Amino acid sequence: MAEDLRQKAMALEIYNQQLQMIQSEITSIRALKSEIMNSIKTIENIKADEETLIPVGPGVFLKAKIVDDKALIGVKSDIYVEKSFNEVIEDLKKSVEDLDKAEKEGMKKAEELAKAITALRKELQTEIQKAQQAQDKKQ
């Protein structure tokens, strides 16, 4: 019985760690989605032949003039492709859709794990109470 309790306690710890990892991934996904949405808004408001401020670091902006409606977008590490603003916006919206799907999958997994954790906790509490009652009867 004690071995069974140890195994369930270990399983509970593993489930809790997995849940924390999933929650961390969901937080990262949400942050990335927010960043992409900000990029979309920025690109939608930029017009060719106008001056704008380009962020280059925290609180640092360069004044620049946009010469055309094209941007470089990363397709792989260190590989960029020139696309029109509209094409970039469409690509970014697709990325948001993909992230939405990943977030929903993560939420579903987190919900399933939370249910498993709750059930396992109840099992452990019941078995601990039984063990304590058995111990009390021996005394």
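Begin with the whole protein on display, and keep in mind that this is a predicted model: of its 139 residues, 22% count as buried. If you switch on a surface view, the accessible surface that appears comes to about 10800 Å², and 52% of that area belongs to carbon and sulfur atoms.

Next, change to a cartoon view and follow the chain from the N terminus, where the elements run in the order α-β-β-β-β-α. The radius of gyration is 26 Å, well over the 14 Å that the globule rule gives for 139 residues, so the protein is more spread out than a compact globule. With the C-alpha trace selected, you can compare this with its span along the principal axes, which is about 90 × 30 × 25 Å. If you then look at contacts between residues at least 6 apart in sequence, 52% of them join residues at least 24 apart.

Now select the charged side chains, of which 23 are positive and 26 are negative, and picture the centre of each set, since these two centres lie 7 Å apart.

For the last stop, select helix α1, which covers residues 2-45, and find K33 within this helix. Is K33 buried or exposed? K33 has a relative accessible area of 16%, and it counts as buried because this value falls under the 20% cut-off. To see what surrounds K33, leave aside its neighbours within four places in sequence and select V96, L99, D100 and E103, with which K33 is in contact.

Note on methods: Residues numbered from 1 in each chain as written. Predicted model: local features only at pLDDT ≥ 70, side-chain atom pairs only at ≥ 80, totals over all residues. Heavy atoms only, no water. Helix = DSSP H or I, 4+ residues; strand = E, 2+ residues; numbered from the N terminus. Buried < 20%, exposed > 50% of the residue type's maximum accessible area, 1.4 Å probe, protein only. Contact = heavy atoms within 4.5 Å. Rg over C-alpha atoms; globule rule 2.2 N^0.38 Å. Areas by Shrake-Rupley, 256 points an atom, 1.4 Å probe, with all protein chains shown as cover. Lys, Arg positive; Asp, Glu negative; His and termini not counted. Charge placed at Lys NZ, Arg CZ, Asp CG, Glu CD.
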